[in-house]
Amino acid sequence: MKPDTTTADGAEALEAASAEKTATPKATAPIRFAPIWRPYALAWLAVVAVILFLFRAEAISMVEKWENDETFGHAWLILPIVLWLVWMRRGLLAQINPRPFWWGLVPMAGAALLWVIGDVARVAFVEQFALIFMIQASVLTVLGLTVARTLMFPLFYLLFLVPFGDQVMPALQDFTAHFSVALLEWLQIPVYHDGIFISIPTGDFEVAQACSGVRFVIAMLAVGSLYANVAFASPWRRAAIIIISLIVPVIANGFRAFGIIYIAYKTSNEYAVGVDHIVYGWLFFSVVMIAVLLIGRLFSDRWIDDPQVDVVGKGFTRVAAGTPRQAWVAVPAVLAVVVAGAAYGSWMDHRAASVTFAQMTPPEVEGWQATSAPTDWKPHFAGADAELFQTYSDGTRTVSLYVAAFGRQTDDAELVAYGQTAVAPSDIWTWAAALPNRLTIGGKTTEAQAMQINGRGKVRDVWQWYWVNGKLTGNPYVAKVEGLKAKLFGGDLAAATLVLSTERKETTVRSTDDLQAFADQLGPVESSLRGILSASAKGHQ
């Protein structure tokens, strides 16, 4: 892979470099590490072993995610790649000396604090990132600054072990749907678009989660980052290839989705699905990856066998080695920080709840009478202390009200977590589109998590609110933060959600007017929810 040659001097330099590289190689001395490396390597391995033992739940959850979620199947390759990157730098490591860097305890403490935050907030990928940060900080602290700088990219690449990025799946689904519809309209093909659902004369299509392209975006980010480090020296070119690695798979996935719909329009849905099974998968990813590599090759500015780090020019070789005693002193210093974080997190996590909830009583709503609840839809919030599910009718309109309350949140009882959703049951209903979320109810302005959900030919409109740490919000991320604040700073541990939903009479016409009519009679959301909870609360609130 050749660098750019835009000037005569650059061309001469390239020819000289090429001649040097193609000349008969000289015999090189075997790579030998100084004896001081032995105690430092053993000390670091001891630290990592203890960290992995203390946070084994996080490590196991990462591996389970790789195993069970195709989006993160590429993560099995990350550790071998990191080991290869370290192996390629072994000659550079042999030229420098390990020496504890005591300021490394600061990022170690930061990683431990991040784990506490992730543990208290019940955000798995934050805990997993904290685990990787601890391992990275252990290299900095035990082996030293020069070693960490030499291994900067391999240490960075460890972050791809964490299963993250699927949070952008709804946005990618929405983009893919709009991109496909735009191309269909450009070709003057009759199309109806409703959220992630697309209809053409020959059939209906859904841009499902598996079709969002998120797994290829995440995998290409990992590939693009590796390619940027191996083939580019300029920071700007590295950034450019990483951006290209993100953009190309998103656009390519949009064309793939459009192609399947177009083939179905010209032939049949069955034939299009057969083509999709052949094209989609790692074959599709391979084509996208090759395209990105070819694009990058056009402006590569680094030889593949150039040294990854100039340890001599940067003065790394002039750093004096530490003593074996310093290596073993670093072990308890690092572990003291790690254990303190784990202990603090455990203490914060086991604060007793100040209130519990018993059976809740449905509120009376003027002009609306209780009626039978739907049998095919009910929000799912496992571990709730109490639930209320009641449907109301005014004779022409029907609205369902659901409330789930938690005295405190635990691993098995969280308000905001995977599977805790108003879209449930997931085998019937699926998120389709976001709806306007700024509402005025009972004369008060509020923001809800407003959405359309589709299932088996039916469509429901949903408004949802969260009540956490004494505050009402329609944003699940804000609810997470408020729950974290309550645990860290002694706030109200109680949490609840209120969901209003109604089935559309016509699938293409929103029924939010029905929700508005019921909500206005129910009254301001916060006061209504507080009233329901207060009636069922036990203990001091």
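Q: How many of the 9 residues of β14 are buried?
A: In this predicted model, strand β14 covers residues 495–503. The strand is mostly covered, and the number of its 9 residues that are buried is 8.

Q: Over how many bridges do β12 and β14 pair?
A: Let's look at one register point to begin with: Q464 has V499 of β14 as its bridge partner. The two strands pair in the antiparallel sense, and the number of bridges between β12 and β14 is 9.

Q: Which residue of β14 is the bridge partner of A404?
A: β14 also pairs with β7, and these strands run antiparallel with 7 bridges joining them. Along this pairing, S400 stands opposite S501 in β14. For A404, the bridge partner in β14 is T497.

Q: Which residue in β7 stands opposite L388?
A: β7 is mostly covered, with 8 of its 9 residues buried. β6 and β7 run antiparallel and are joined by 8 bridges. The residue of β7 that stands opposite L388 is V403.

Q: Which residue in the turn between β6 and β7 has a positive phi?
A: The two strands form a hairpin, with 4 residues between them. In that turn, a positive phi of about 105° belongs to G395.

Q: Which elements do the buried residues of α17 pack against?
A: Helix α17 spans residues 512–522, and its buried residues include L515, F518 and L522. Its buried residues pack against several strands and one helix. The elements are β6, β7, β9, β12, β14 and α18.

Q: Which residue just after α17 takes a positive phi?
A: α17 covers residues 512–522. Just after this helix, a phi of about 105° is found at G523.

Q: Why is one side of β1 and of β3 left without a neighbour in the sheet?
A: The open sheet here has 3 strands in the order β1-β2-β3, with antiparallel pairing. β1 (192–194) and β3 (203–206) stand at the edges, so one side of each lacks a neighbour, because each has a single partner strand.

Q: By what angle are neighbouring strands of the β1-β2-β3 sheet turned against each other on average?
A: The strands follow the order β1-β2-β3 in an open sheet. Ignoring direction, the average turn between neighbouring strands is 15°.

Q: Which residue of β2 is the bridge partner of D194?
A: β1 and β2 (residues 197–200) pair in the antiparallel sense over 3 bridges. Within β2, the partner of D194 is F197.

Q: At about what angle does α10 run to β2?
A: Helix α10, residues 169–186, lies across both β1 and β2. Its angle to β2 is about 20°.

Q: How far apart are the end C-alpha atoms of α2?
A: Helix α2 (residues 37–54) has 18 residues, and at 1.5 Å a residue these should span 26 Å. Among the buried residues of α2 are W37, Y40 and V47. The distance between the end C-alpha atoms agrees with the expected span, at 26 Å.

Q: Which helix gives the most residues to the largest nonpolar core?
A: This core has 70 residues, of which M134, V147 and Y157 touch the most other members. Not counting residues up to four places away in sequence, V147 touches W37, L93, I96, N97, P98 and V139. A general tendency fits here: in soluble globular proteins, nonpolar side chains tend to be buried together. With 12 residues, the helix that gives the most is α7.

Q: How many residues are in the second, separate core?
A: Its members include W368, A448, W463 and W465. The number of residues in this second core is 33.

Q: Is R99 buried or partly exposed?
A: R99 lies in the loop between α5 and α6. Residues such as Y40, L143 and V319 are among those R99 touches, not counting residues up to four places away in sequence. A buried residue would be under 20% relative accessible area and an exposed one over 50%. R99 has a relative accessible area of 35%, so it is partly exposed.

Q: How far apart in space are R99 and L140, C-alpha to C-alpha?
A: In sequence, R99 and L140 are 41 residues apart. In space, their C-alpha to C-alpha distance is 9.3 Å.

Q: What percentage of the residues of the chain count as buried?
A: The chain has 18 helices and 15 strands. Its accessible surface comes to about 26,500 Å², of which 62% belongs to carbon and sulfur atoms. Of its 541 residues, the share that count as buried is 47%.

Technical notes: Residues are numbered from 1 along each chain as its sequence is written. This is a predicted model: local features need pLDDT of at least 70, side-chain atom pairs count only at pLDDT 80 or more; totals for chains, interfaces and linings use all residues. Side-chain values use heavy atoms; hydrogens and water are left out. Two strands pair if DSSP finds at least two bridges between them. Axes are lines fitted to C-alpha atoms, for helices over the stretch in contact, and angles run from 0 to 180 degrees between N-to-C directions. Contact means heavy atoms within 4.5 Å. The expected span of a helix is 1.5 Å times one less than its number of residues. Buried means under 20% relative accessible area, exposed over 50%, partly exposed in between (1.4 Å probe, protein chains only). A nonpolar core is a set of buried Ala, Val, Leu, Ile, Met, Phe, Trp, Tyr and Cys residues joined through side-chain atoms within 4.5 Å. Accessible areas come from the Shrake-Rupley method with a 1.4 Å probe; for residues, only the protein chains shown count as cover.
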